[in-house]
Amino acid sequence: MAGDYRVVSAEEAVQEVQPGDSIHLSSLAAVPRILVDRLVERGQSGALRDVRLRHLNIVDTTPFSGPEYDGVFHSDSFFIGDSVRRFVADGYADYIPAPLHETARFYRDGILPCDVAMIQVSKPDRRGRVSLGISVDLTLAAVQSARRVIAVVNPEMPYTYGDGVFPLERCDLVVEHESPLPEHRSGEPTAAELAVGRHCAELIEDGSCLQLGIGGLPNSILRQLGNHRHLGIHSEMVSDGVIPLIESGVIDNSCKKLDRGRTVVTFLMGSQRLYRFAHRNRALRMKCVYYTNDPFVIARQPKMVAINSALQVDLTGQVCADSLGTRMYSGNGGQLDFIYGASRSEGGKPIIALTSRTNRGISRIVPELTPGAGVVTPRSHIHYLVTEFGAVNLFGRNLQERARLIIDLAHPECREELERAAVERFGPRFLKLKVKP
C-alpha cells in the first residue's frame, strides 16, 4: 500500500493516543479489536489517564470497562449492549441519550470532541479506496472530524458501497491485520414471537418499505413474508433474515421513492453469510445514520412500516424501550426516528410489537411504567400495538379506549389485575366500556 499514511504495527498506532484524548471506535461487529487490545495494554502500563471511548453497541467484550480501569478509560455508549450493561449499572461506563439520527451531529457540529478515530476497513480497491463495510453509522462523521484516523485494514471486512467509501489516504496510520468478524446469531423464535410475527405480517401490504431490528421477533416476521410482493428495506440495520426474501425477489425495493432498487441500512449484524452477501453487493447501500434515521427521509418512503419493540407499555400507550426502572438497559436507538417517520409516510404504519410477557412470566403490559423508566415513544406517538394476542391501532383513541384495547392484548392471566388498575384510574364506568378494535 502507498500514500501519505504510514503503515505501522498496532503497538505503534496506539502511541498516538494521549492522556485526556477522546476516541471513537467503529462499533458492533466492526470494532478494531487489535487496536483496543493494544490500547488496553498501554493503559495497564500507566501511560494513559482520562481517555474517553465512545461507540455504539459492541457485540463482544469491552475490555476497557470495569473498576480496574477507573481513571484510565471511561466508556460512553450511544446504545447499551450486553458487553457494557453491567458497567453502566455500576457507574464505570455511561450512556449518552439521543435519537440515533442525531448522533452524527455530535462530531460534525463539534458538540463532542473526537481526537482519534479507531476504525476497521476493507482492503483497498484498485483506486485506493476502502470501505467502512458493515458499520457506517456515526463512524463516518468521526472519520471526517477526528484529529487523527487510525485504520485497521482487514481483508475479512466486506467492501460495501455507499457513504462509507473513501480513499485510504484519508487515514493517518494503517495497521494491516486479518481476523474474522464477530458473528451475531439470533435464536429460534418462540411460539409467542411467531404469533406476534403473524399479526405484524398481516399489517404489511405489498409494496411496503420495512424497518426491522434483530432477534427472534424480527426473524419471525420476516419468515412470514414469503407471499408478499415488492417489499423494500430502509432500516437502521438488517440481519440474516432478509437474505432469503431478497434472493427470492420478495424484497426488490421497486416501490421506494428514494434509493429505488436498493436496500439501505447504516449497519449490519449477523453471520459470515450476511457479510459475504454484503461484499460488493451493488443493490445494498450503507449510509450514514444521519440519512437512514432522519425521520423526514423515512417519511418520504410510501407505505413505510416501522416495527420496533419495547420493555414495557403502560395502559395509556407510553412505550419504555431503554431502561428497567432507573437501570439503563439499551437506549433510544432509532425507535422514535422510525416511529415518527413512518407516521408521516403516505400509507405508513408505525408498529410497537412485543410478546405480552417476558420469558420469566412478567407482564410487559403494565398499569404504570416502573418508576424511573424512560419513555422512548410517548403516548402521543404510538399507533399500532401488537402482541401474540392481536393488533390494535391506538392512534386517535382516548385514554379509556386505549386501556381497554391494551388490556385485551395482555396475557389472559394478567388481564384481571390490569382491569382493576384501570378501574382505580378511570372509575367504575370503565367496566361498561365497549371498544371495537
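Is Gly128 buried, partly exposed or exposed? I put this to the predicted model before anything else, and I noted that Gly128 is partly exposed, because its relative accessible area is 26%, a value that is neither under 20%, the limit for buried, nor over 50%, the limit for exposed.

**Entry on Gly128.** I then looked up the place of Gly128 and found this glycine in the loop between strand 6, residues 116-121, and strand 7, for which I wrote down residues 129-131. I also checked Gly128 against Glu169, and the two C-alpha atoms are 7.9 Å apart in space, although the residues are 41 apart in sequence.

**Entry on Asp137.** Moving along the chain, I looked at the loop between strand 7 (129-131) and helix 5 (139-145), where Asp137 is found. I recorded for Asp137 a phi near 30 degrees, which is a positive value in a residue other than glycine. I asked how much of Asp137 is accessible, and the relative accessibility is 0%, so I entered Asp137 as buried.

**Entry on His230.** I found a positive phi in His230 as well, about 55 degrees, and His230 is not a glycine either. I placed His230 in the loop between helix 7 (216-222) and strand 13 (232-233). Here the relative accessibility is 31%, and I therefore entered His230 as partly exposed, whereas Asp137 had gone down as buried.

**Entry on the arginines.** I turned to the surface and noted a positive patch that is formed by Arg126, Arg262, Arg280 and Arg282. Of these I followed up Arg282, which lies in the loop between helix 9, residues 272-278, and strand 17, residues 284-286. I entered Arg282 as exposed, because its relative accessible area of 53% is over the 50% limit.

**Entry on the whole chain.** Last, I stepped back to the overall fold and noted 14 helices and 26 strands in the chain. Along the principal axes, the C-alpha atoms fill a box of roughly 75 × 50 × 35 Å. Which radius of gyration would a compact globule with 437 residues have? I wrote down a value near 22 Å for such a globule and 23 Å for the chain, so the two agree. Finally, I noted that buried residues make up 57% of the 437 residues in the chain, and Asp137, at 0% relative accessibility, is one that I had entered as buried.

Note on methods
Residues are numbered from 1 along each chain as its sequence is written. This is a predicted model: local features need pLDDT of at least 70, side-chain atom pairs count only at pLDDT 80 or more; totals for chains, interfaces and linings use all residues. Side-chain values use heavy atoms; hydrogens and water are left out. Helices (H or I, at least four residues) and strands (E, at least two) are DSSP runs, numbered from the N terminus. Buried means under 20% relative accessible area, exposed over 50%, partly exposed in between (1.4 Å probe, protein chains only). Patches are made of residues with over 30% relative accessible area and no salt bridge: like charges are joined within 9 Å, nonpolar side chains (Val, Leu, Ile, Met, Phe, Trp, Tyr) within 5 Å. Accessible areas come from the Shrake-Rupley method with a 1.4 Å probe; for residues, only the protein chains shown count as cover. A salt bridge is a side-chain nitrogen of Lys or Arg within 4 Å of a carboxyl oxygen of Asp or Glu. Lys and Arg count as positive and Asp and Glu as negative; His and the chain ends are not counted. The place of a charge is taken as NZ of Lys, CZ of Arg, CG of Asp or CD of Glu. The radius of gyration is taken over C-alpha atoms; the globule rule is 2.2 Å times the number of residues to the power 0.38.
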